[in-house]
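Got the viewer open? Let's take a walk through this model, one selection at a time.

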Amino acid sequence: MQFKMINVGFGNTVPAGRIVAIVSNDSLPVKRSVGEAKEKQMLIDSTQGRKTRAVIYTDSGYLVLSALQPETIANRFDSPGGIGEQFPQGAAGLDGEPDINDADISGTE
């Protein structure tokens, strides 16, 4: 059985079927949820020291922190490939490079 994995940045992936919500880290209730998850040891930090831009809620109660924008992660649900899909370095736009949706990955010009 294969699971579609969603890249949440820096080579970290989350099974698409386990994601309940992807939200911005801007609101106080979300920040409270992150604090509570940290206390309960139900927090996975995949930001690699960068600013948290998205919080992913899973069906098992875990929260995953990502340095990607929520829209970027949501767009990856619709991208072809699924399992084993490789995203180019800088796909998150953290280093000024274009997002995966802006790149021509077809191999044709």
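One word to pin down before we click on anything: a residue is called buried when its relative accessible area is under 20%. Also keep in mind that you are looking at a predicted model.

**Stop 1: helix α2.** Select residues 70-78, which form helix α2. Now colour P70, T72, I73 and R76: these residues of α2 are buried. What covers the buried residues of α2? The cover includes β1, β3, β5 and β6. The helix itself lies across β3, β5 and β6, and it runs at about 150° to β3.

While you're here, look at how residues are spaced on a helix. An α-helix has 3.6 residues a turn, so residues three or four places apart point the same way.

**Stop 2: I73 and its company.** Zoom in on I73. Skip its neighbours within four places in sequence, and I73 is in contact with I6, I22, A54, I56, S66 and L68.

Next, select I6, V8, V14, A16, I19, A54, I56, V64, L68 and I73 together: these 10 residues make up the largest nonpolar core. Two elements give two or more residues to this core, namely β1 (5-9) and β5 (54-58). There is also a second, separate core of six residues, with V30, A37, V55 and L63 among them.

**Stop 3: the sheet.** Switch to the cartoon view. Four strands form an open sheet here, and its order is β3-β5-β6-β4, with mixed pairing. If you are wondering what holds such things together, strands of a sheet pair through backbone hydrogen bonds, either parallel or antiparallel.

Which strands stand at the edges? Select 19-24 for β3 and 43-45 for β4: each has a single partner strand, so one side of each is left without a neighbour in the sheet. Neighbouring strands of this sheet are turned by 20° against each other on average, direction ignored.

Now pick out β5 along with β6, residues 63-66. β5 and β6 run antiparallel and are joined by four bridges. For a close-up, click V55, which stands opposite L65 in β6.

**Stop 4: helix α1.** Select residues 28-39 to light up helix α1, which packs on the sheet. The strands it touches are β3, β4, β5 and β6, and the direction of α1 makes about 60° with that of β5.

**Stop 5: two loop residues.** Click F10, in the loop between β1 and β2 (12-15). F10 has a positive phi of about 60°, although it is not a glycine. Is F10 buried, partly exposed or exposed? Its relative accessible area is 30%, so F10 counts as partly exposed.

Then hop to Q41, in the loop between α1 and β4. Q41 has a positive phi of about 60° too, and it is not a glycine either. With 68% relative accessibility, Q41 counts as exposed.

**Last stop: zoom out.** Show the whole protein chain, with its two helices and six strands. Follow the chain along the sequence and you'll trace the pattern β-β-β-α-β-β-β-α. Of the 109 residues in the chain, 32% are buried. Turn on the surface as well: the accessible surface comes to about 7000 Å², and 49% of that belongs to carbon and sulfur atoms. Finally, take the contacts between residues at least 6 apart in sequence: 49% of them join residues at least 24 apart.

Terms used: Residues are numbered from 1 along each chain as its sequence is written. This is a predicted model: local features need pLDDT of at least 70, side-chain atom pairs count only at pLDDT 80 or more; totals for chains, interfaces and linings use all residues. Side-chain values use heavy atoms; hydrogens and water are left out. A nonpolar core is a set of buried Ala, Val, Leu, Ile, Met, Phe, Trp, Tyr and Cys residues joined through side-chain atoms within 4.5 Å. Buried means under 20% relative accessible area, exposed over 50%, partly exposed in between (1.4 Å probe, protein chains only). Contact means heavy atoms within 4.5 Å. Two strands pair if DSSP finds at least two bridges between them. Axes are lines fitted to C-alpha atoms, for helices over the stretch in contact, and angles run from 0 to 180 degrees between N-to-C directions. Accessible areas come from the Shrake-Rupley method with a 1.4 Å probe; for residues, only the protein chains shown count as cover.
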